[in-house]
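This report deals with cysteine pairing and with charged side-chain pairs in one protein model. Please keep the sequence and the coordinates open while reading.

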Amino acid sequence: MKHSITSKAWVLYKGEGDGTPGELHFEDFTFPNISEDEVLVEPLFGCWEGNMSHAVERKPVDIALQRGEEKVVIGNAGIVRILEKGSKVNTCEKGDICIVFCVGIADEWGYPLRIMAYDAPGTMGVLSRKAKMPGHSVIPIPKNTKHTLEQWAAFSLRYVTAWANWKVALHCWKGQMESADISNQWVLAWGGGVSLAQSILAKKSGFNVVMVSSGDERLEQIRSHGIHAIDRRDFVDLHFDPIRYNSEKEFKRRYLQAESHFTETVHKATAGKDIAILIDYIGLPVYRASLKLLDRQGVITTAGWKEGMVLTNYRAIECISRHIHVHTHYANYKEGVEAVAYAEENGWLPEILPNEIYSFNDIPRLKEDYDRNILSYFPIFKINEV
């Protein structure tokens, strides 16, 4: 058996610790052969995720420097073919096609402490023609699946995240409101692909749903699922900044005007009702407006952020309103398996158009397009032939 494997990959080098953004280099990448609890895989399709851009931009951290490694291969969403498996791996068989389940290091309950191909040391992702992964980081898709491999690639991270977060948020809401008529309740979502996946779950659960987004293609995608879409571009000043709010009169005036207009727009869509469950993957810029729309006994839920990790609220108001704040991070393996089974049975996967798929050589352009926010929710790239 070979002691090491070399593959063509897009490689990210560690920085100098000064926060200067990095770039991806296409070159040979050599890694040790698999151990008894690892699998050797051939990535087929990947999906570009926000954490990948964060890694390249070295925001909020330089993951290679943090991991103590000279260079890393990122990419924790996609599908892979199992080429070889270690003797202790029982999650898959050679030849299986699997989604990437990106828990790198887990706590005793299986929830992630470190994410594979991001901040988990010694792990690599799908930006390589071949890669090795922990055996617990793959979940086989159903044989003879009714859905395309591109759909499963898009599903792998965002939909699994959505499944786990929605489960907790819904249970929390029902804990206080189990006698309420769900058909008379509203869910509002901010964000991208995870928010869309959760919005679809909310609709399947019986809620009325409204989602905020920008871009004609994304708004049309939301409407195609029977979800009421609100155009984020109508509220360009709805971007809360506490420092500017308290120091600049004109900023405060414009912000309050946008917040009032947004509240009116949402209430027009909901016939005046406040929101039972509010899904927020944005953070600080929209947090204040979100809390103002949250109904009594309402839940505000997230599994990530885009802007602004530090939030402030008035505990007394939140207690009196009996608001529940839910924070989750990805999922455990059991939830991943549940999400795959539900998706296969119910068609809960995103639609992917063939003309939206990037080649492996086009990864830098894909990142640039993603960062410019001109792509669909699920930017897919092809790595190897199926």
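The text below covers the cysteines, then the salt bridges, and then the accessibility of the residues concerned.

**Cysteines**

The model is a predicted one. The number of disulfides in it is zero. Cysteine 172 takes part in no disulfide, and the nearest cysteine sulfur, that of cysteine 319, is 15 Å away. Why does cysteine 319 form no bond with cysteine 172? A disulfide requires two cysteine sulfur atoms within 2.5 Å. The sulfur of cysteine 319 has its closest cysteine sulfur in cysteine 172 at 15 Å, which is too far for a bond. The accessibility of each cysteine can be stated as well: cysteine 172 is partly exposed, at a relative accessible area of 23%, whereas cysteine 319 is exposed, at 56%.

**Salt bridges**

Side chains of opposite charge can pair when their charged atoms come close. The count of salt bridges in this model is 29. Three pairs are listed here, each with its N to O distance.

| Basic residue | Acidic residue | N to O distance |
|---|---|---|
| Lysine 367 | Glutamate 57 | 2.7 Å |
| Arginine 58 | Aspartate 62 | 3.2 Å |
| Arginine 244 | Glutamate 248 | 3.0 Å |

What does the salt bridge between lysine 367 and glutamate 57 tie together? Lysine 367 belongs to helix H11 (residues 363–371) and glutamate 57 to helix H1 (residues 50–57), so the pair ties together parts that are 310 residues apart in sequence. The two partners fall into separate accessibility classes: lysine 367 is buried, with a relative accessibility of 11%, and glutamate 57 is partly exposed, with 24%. The cut-off for buried is under 20% relative accessible area, so lysine 367 falls below it and glutamate 57 does not.

Are arginine 58 and aspartate 62 buried or exposed? Both partners of this salt bridge are buried. In the pair formed by arginine 244 and glutamate 248, arginine 244 is partly exposed at 32% relative accessibility, and glutamate 248 is also partly exposed, with a relative accessible area of 32%.

Salt bridges also occur as a linked group. Which residues make up this network? Asp362, Arg365, Glu368, Asp369 and Arg372 are joined to one another in a network of salt bridges.

**Summary**

The predicted model has zero disulfides and 29 salt bridges. One of these salt bridges, between lysine 367 and glutamate 57, connects helix H11 with helix H1.

Key. Residues are numbered from 1 along each chain as its sequence is written. This is a predicted model: local features need pLDDT of at least 70, side-chain atom pairs count only at pLDDT 80 or more; totals for chains, interfaces and linings use all residues. Side-chain values use heavy atoms; hydrogens and water are left out. Buried means under 20% relative accessible area, exposed over 50%, partly exposed in between (1.4 Å probe, protein chains only). A salt bridge is a side-chain nitrogen of Lys or Arg within 4 Å of a carboxyl oxygen of Asp or Glu. Helices (H or I, at least four residues) and strands (E, at least two) are DSSP runs, numbered from the N terminus.
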